[in-house]
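I opened the model today to go through its chain contacts and a few backbone oddities. My entries follow in the order in which I looked things up.

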Amino acid sequence: MLRIECPWCGVRNEDEFSYGGDASVQRPADGGSLDEWYDYVYTRDNSAGQHTEHWQHLNGCRAWITVVRDTITHEIFDTAPASPNLPPGSGSGKKTNGVKS
Amino acid sequence: MHYSALSLVKQALSGNRGWTRAWRNPEPKKQYDVIIIGGGGHGLATAYYLAKLHGITDVAVLEKGYIGGGNTGRNTTIVRSNYLLKPNSQFYEHSMKLWEGLSQDLNYNVMFSQRGVLNLFHTDAQRDAAVHRGNAMHLNGVDAELLDLDGVKKLMPHLDFSRNTRFPVIGGLSQPRGGTARHDAVAWGFARAADSLGVDIIQKCEVTGIRRAGDKVLGVETSRGFIGAGQVGVAVAGNSSRVFNMVGMKLPIESHVLQAFVTEGIKPLIDTVCTFGMGHFYISQSDKGGLVFGGDLDGYNSYAQRGNLPTFNHVVAGGVTMMPCLARLRILRQWGGVMDMSMDGTPIISKTPIHNLYLNGGWCYGGFKATPGSGWVFAYTIAHDKAHELNKDFTLERFREGSLIDEKGVGASPNAH
Amino acid sequence: MPETQANALPARVSPLLAIEGDAIIDYKNLRLQERKSLTVIQVLAFANQHQAVATAISKELGIECAVSPGICNANEHTQVAWNGPNSWMIIASDEAAKRKSGALMKSLQKAVADTGAVVDQSHGRCALRLSGIHARKVMAKNTAIDLHPIAFGPGQCALTAVAHMSALVIQVDDSPSYDLLVARSLARSFVDAIEHACHEFA
Amino acid sequence: MSQKFRCDEGGAIDRRKPLSFTFDGKTYQGYEGDTLASALLANGVHLLGRSFKYHRPRGIMCAGSEEPNAMVELRTGARKEPNTRATTIELFDGLVANSQNRWPSLRFDVMAVNNLFSPLLSAGFYYKTFMWPVSFWTNVYEHIIRRAAGLGTAATEADPDFYEQCHEHCDVLVVGAGPAGLMAAISAANYGARVIIADEHAQLGGSLINENFNVDGISGKDWAARQAQKLAGMNNVHILNRTTIFGYYDHNTIGAIEKVSDHVPQPAAGKPRQRMWTLYPKRVVIAAGATERPLIFGNNDKPGVMLASAVRTYINRWGVKPGSRAIVATNNSDAYRTAIDLHQAGVRVVAVVDSRMHPDAPLAAKLDALSIELIAGKTIGAAEGGQHLRYVQLVSTQGLTADPQRIDCDLVASSSGWNPNVHLHSQSGAKPIYDETIASFVPGQSRQAEVSIGAAKGSFELQDCLDQGRAAGAEAAKLSGFKGRLIKTASASDDDAYSIEALWIAPTPYNKSYKQFIDQQNDVKASDIDLAAREGYDSVELLKRYTTQGMATDQGKTSNVNALAILAAQRGEPIPEVGTTTFRPPYVPVAMGNFAGHTVGYQFMPVRRTAIHDWNEKQGAVFIEAGMWLRARYYPQSPEDTLYDCYVRETNATRSNVAMVDVSTLGKIDIQGPDVAEFLNRLYINNWLKLPIGRARYGIMLREDGVVFDDGTTTRLGENHYFMTTTTANAAPVLAHMEYYHQTAWPELDVVFCSVTEQWTGIAVAGPNSRKLLENVIDIDLSNEAFPFMAYGECKMNNISARLFRISFSGELAYEVNVAADYGEQAWLELLEAGREMGVSPYGTEALGTMRIEKGHVAGSELDGRTTALDLGLEGMANRSKHFIGKHNSQRPALIGDGRLQVVGIKSVEAGRNLRIGAHLVDDKVKLESVSQSQGHITAITFSPSLGCGIALGLLQDGASRHGEQIDAVSPLHDEKIRVEICHPIFIDPKGELVRA
């Protein structure tokens, strides 16, 4: 069970969240080339190891968050709000799952 | 050594001392015509068909662990060709036909069991979708039968047929020629057959790099040194991105975990493969008596060959809802495989921008049933340096062009395929 | 608004109509009841107006509107629950809603003005109260969050999954009592699940 | 009552509470506190079942959940549980158990003939044969194999009991309540930590109950009882007895199964049969003990051959003598205690056979004092007997120097050393490592917040276990942030140092070939492992898969390390080189019901109901599933009314008069803020910057890949206030999609939005008389001038505030009324009343569907996730001069090229023949039975009452340019072929005059 820390709600089970995939992809500007749009929609680093990804706290506060997780061990290094414009929560950025450092 | 009832008796009489290695354990040579990276079912099948059909026998299959140790040995062993879209339908049907003679072809009993695959439906809309699919199957030369409630009851008498369930069954779409096979035996059978044609199967040999000159591959760096190659085929589904990273390429693929489960062995209870239309759940009974089942992906990028509880719970809830007597049966083992999830749910068997490097991946969770077909078309593609009619649509380019093969219609979201 | 017109409104019909009587569960140490006819208002702050909205709500209701997550301040008739990074849920009994000139919506809209949005959810949520010595055990069967007194107490709230459905959980007192707000359309399925978890305490 | 093998005293059983039970139809007596296994042994019953492959007689080998052999079918009827270990079944009065995998009887089993053919049934034999003739595999061979496989038989009725799930958080979870676990729990709790201690038995104490120990001057059993009492009195401790920790998952999440009701005939009212706990501890202390390995010798599967520790447990825990003439065979010091306990229980111990040349002197002295013979440097080469052990042949471990020595006995207590239970440690992601000194695997480097202590760590001495528990409990509490003082130590007395010299397999007497079983449940023999290695299946994983070693229901608890050692010997490599297979959850098999919990059957998924649901139900409406909603599909007016009768009637009523439909299930999103128009502009393909207040607009959303995602209307309610509707199915995805883009891609847009789907009941009033009806109840001017098509206004319906939209899905003059949901039913009734004289009637989704097909409105079956706006004829709405989601990707060559499936109308040209959804469109040269190319398919059908014929929508290659063409619609599944004509998808009022009337 992934235990993901929502920056506002605290640590919650993975089934409260929905997955939004790789957060490192950059959405091209309007008028970007088809190659850029192809890359944005389709190709992924799919990294084995550290992976920056989006999750939505769907069954909680509904905020989208950015999670840095190891795709092999599932260790979570950091979680933060995806939007720069939402007021901060109380507990962002801490590592709180049971993985030993 | 030829396997037969006779050889079995002969060996039994001499204390089973005469059996020899099923495949050799060779040292890697310095150079091969073709190197296949990945000693799973697909890689071994590719090597076998290269040798058997295309006369290319100077082939090495490189496996970082032991053969069949990836998804070949971790799936729920279902074989079917009940697809909606033509490229899939015709490819998987070709694979099905290869399955039908595989044990004899390989002289290895892969225990291919055509017990049928039954997809239940619960609403008119699902029935309509089943009719759409079933008709597509017929038009592509695949067998399909539409079953009413009585037809379903005959195949699966212990389902919950009461009205007091959230989604009562109203019928099913069956592919009688579908079924299961003994997954490990498929890898072993192909390995033994390929080996007997001269293919080198090299286990514990991890590819750590790909040496190239411009857009041509020269060979592979491995944990056992550099091995040169004329052509390199990659069949490492679950890890395709990692291998293509070695040549600086990003793929339209993500790796996700799919869990599988088996119960304790019991006397025959389920005589077909059955899927629950309203939950992600599919089940069959192995020849050993265990009920083998699975469900949906865990839903996030993962290379961990293990799964988590929420999906486990959800899968089982679907199973017990479909077939309430399952509640008292005990789960023996839970495991996970790493799926190459392509962005449209369909495999990629294709040439790549690098001249002599070929990709066979993106299998999502459909890889096992494709094993012989996949090896067959991949061998063709490598031998002729061009796609066969059956895999001409399974290109890398289709994503850029928009010619997607999206059975589920969920778009470029691999966790939804 | 004239009283006569308000009186002429038809009675509100709760989604749990089919459940008769006052309490849904009424065991010795466990009680589940619907809180009927509440006013429920969701307030959302526009960009960078988070503090301004909280201040406006506090001032308007005379209850501190917390900007920290997981806090629900209340007086006798009204609860102000944190409802997300830029959102609060105000839950008021009819008396409270009426005392505010019969239209809490309007007064809040006026108070919040163009710093945020005020959205009526009174009919969109079903409110339940689960209370009694066994209430925490019943909750533990339906939600994964830690409701141990060390971790969660009166005046705290959480947005979480309860019985696999999204809910706002507010602890009211340490008897313990919990207020649960769920989507109206799911009310009966939700109650079925909670009732199931209660049976062993009958 | 005859419990011939019950000791006169002792054991943790209640002799005042005799219990009666039956096994294979025969009635026996036992006591409360017994397991089925201990009670059967007390009655002298040793033969419990037949083995998997060879159908050899099998008895009881162990005393716990590691048992490979003693499996029965417990209970009968719908509660039957096959393959249940007799060693874990708590006895209750009236218990019924039966042996399995035998026919016609346990004593005489026909399939035992397999034993004679065993050379043919060597590892992997089935891969080498059964291939000819081809058809025989499915029809003959496999049929036989399947019937022979499996052990017990499952119940086929629904499980009458229920299961539930529960969550709990804590600071410290202690796994196992033996000496180490008890100390750890008390120690941690003493620091103030929240502690959960779980143990699979009813009674806490573990080995303290199984063994004859003394702690702090009292018996181990009494000491354990005191500690248990102490724990029960601490309010920061939760004792979970009868609870097995089965899985160690990511992020320190632990799965556990509590057997709430398995020790009673059936669960008490309101109680589950079992309960699954998901535990969230900050730290885990694994004190799960160790599992003994059996010695590997010929016929080591005979009933009467047991683990040395199991023999002690039967004596000490249950007061049962497992035999009357015993041999103890060992390679280590531990089994000596078995000899002593047997002796004290009055069982004749013929000898202790120690494979080591130089056994520990103090132990030798202890045996000497009891006059028990010690035979060093020998071991058992083979056991003999029929259905029970009769004698053993001792052989030298130092080479075959002399003839085997025959010793008569009816009990062998064997020990090949101990395996720490590293399963949970391994499941947590850590790798166990091999420890030469105890010849076993021990926990390695921790990967999660766990520590193993006591026997689970490879410390087999009691004092060590107590000390490690004390320290580990304190450490775990400290790491969880607690401060406190260490509890005082507990002192064990009379404990021997553990020593072992590995002996992995015994030489066989006379160099004869015996079956030396490794995995007794799967009938895997030492020779199978040799064979597999010779054939190249020589990695541990290949070995496991080829021989099935360790894959039975005991997951190889007693056999895996033995197998590994034999493989290592075969390969000529040290054991650590060979490695272990991965330990997978669950630790013990767990009933599926636990994972499902209460979300099964009708509770499998929640039901969503609209405010008009009850009224619909009272009207006898037939419902249809839509998302999780139940929607009224049609309203029969008499029992004879068919679906067809109803939707034709309801459609006619709408088209000719006025009718009402509940549309509450559409998604509704309230959007506010200064940047809403720009936000909508990016979400939809069409333009939103100039929508006036009080007007609605229909819009199309694409996915980022350019395919159509959803459609609906959005209305501008105020300057910065908009109201969006979505399809029923996509309500949740659209909201999440909007949140995603707002929070990740466009945070600069100042908008807020939330779902108000639940707040509003939506009622569509449609038909030429809809205006007339509404004018009876609504307080605003509804004239075409004041309230034109796509207008919006707030109004009152009698006293109920309402939002009124002039939008239409049916193609008729129509309005949609939204009222707050608690007034939904009232509003519905008032509208019915307002139209009563006009003859208003309700209509359901089927009539709704008919009218949308007549109007060519695309819906779910055309928006199949593969179609583009161009395919659906909606590309004209797109404003490509602005940015919107999916804009660029929708222009990829294959999405705008030839051959696309495009939406078309379809009419049958064969009178009286109905079209079928899912039929494919093929050209007329095609025979049904031949492989062909589908050019498209039918997505929706209806009988159009307005046109008086069957019509359909479909997707056809290049369909937009093929109107007027004739083609065949075929359904090979139904052996059906109908000639159809392709036409424009809008069948009625193509200019849309009616909606503007």
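The notes below cover chain contacts, one chain's confidence, domains and unusual backbone geometry.

**Entry 1: which chains touch**

I noted at the start that this is a predicted model. I listed the chain pairs in contact and found five, with chains B and D sharing the most contacts. I also checked chain B against chain C; these two do not touch, and their nearest C-alpha atoms are 11 Å apart.

**Entry 2: chain B against chain D**

I took this pair next. On the chain B side 115 residues are in contact, and on the chain D side 116. The buried area comes to about 9600 Å², and carbon and sulfur atoms account for 57% of it. I asked which three residues of chain B supply more of its buried area against chain D than any other three. They are B:Leu139, B:Arg166 and B:Arg328, with 11% of what chain B buries there.

I then went through the polar side of this interface. I counted eleven salt bridges between chain B and chain D. I looked at one pair, D:Glu81 and B:Arg330, whose side chains form a salt bridge with an N to O distance of 3.7 Å. That distance qualifies because the cut-off for a salt bridge is 4 Å. Polar contacts link 62 residue pairs across the interface, counting pairs with both residues at pLDDT 80 or more.

I sorted the chain B side by element and by class. Helix α5 of chain B (residues 124-139) gives the largest share of the side that touches chain D, with ten residues. By class, I have 49 nonpolar, 40 polar and 26 charged residues on that side.

**Entry 3: chain C against chain A**

Here the contact involves 13 residues of chain C and 15 residues of chain A. The two chains bury about 1100 Å² between them, 60% of it from carbon and sulfur atoms. In chain C, I found that C:Pro69, C:Pro85 and C:Leu159 lose the most area to chain A, together 41% of what that side buries.

How many salt bridges cross the interface of chain C and chain A? I found zero. Five residue pairs are in polar contact across this interface, again with both residues at pLDDT 80 or more. Strand β9 of chain C (residues 157-162) provides four residues, the largest share of the side facing chain A. I classed the residues of that side as eight nonpolar, five polar and no charged.

**Entry 4: confidence in chain C**

I looked up the mean pLDDT of chain C, which is 91, with 92% of its residues at 70 or more. Residues 1-7 of chain C fall below 50, and this stretch has two contacts in the model beyond near neighbours in sequence.

**Entry 5: domains of chain D**

I noted six domains in the division of chain D. Domain 1 covers 1-160, and domain 2 is written in two pieces, 163-290 + 420-479. Domain 3 (294-416), domain 4 (516-604), domain 5 (659-850) and domain 6 (898-996) complete the list. I put the C-alpha centres of domain 1 and domain 6 of chain D 61 Å apart.

**Entry 6: backbone oddities**

Most residues other than glycine have a negative phi, and most peptide bonds are trans, so I kept a list of exceptions. The bond joining D:Trp132 and D:Pro133 is cis, with omega about -20°. D:Pro133 sits in the loop between β7 (95-98) and α2 (136-148) of chain D. The peptide bond from D:Pro585 to D:Pro586 is also cis, with omega near -5°. I placed D:Pro586 in the loop between α14 (575-578) and β32 (590-591) of chain D.

In chain B, B:Met111 is not a glycine yet has a positive phi of about 55°. B:Met111 lies in the loop between α4 (102-106) and β4 (117-121) of chain B.

How values were computed:
Residues are numbered from 1 along each chain as its sequence is written. Chains are lettered from A and ligands numbered from 1 in the order in which they are written. Side-chain values use heavy atoms; hydrogens and water are left out. Contact means heavy atoms within 4.5 Å. Buried area is the accessible area (1.4 Å probe) that two parts lose on being put together, summed over both. A polar contact is a pair of N or O atoms within 3.5 Å; within protein, one must be able to donate a hydrogen and the other to accept it, and residues adjacent in sequence count only if both atoms are side-chain atoms. Helices (H or I, at least four residues) and strands (E, at least two) are DSSP runs, numbered from the N terminus. Ala, Val, Leu, Ile, Met, Phe, Trp, Tyr, Cys and Pro count as nonpolar, Asp, Glu, Lys and Arg as charged, and the others, Gly among them, as polar. Domain bounds come from an automatic or database domain assignment. pLDDT is the predictor's confidence in each residue, from 0 to 100.
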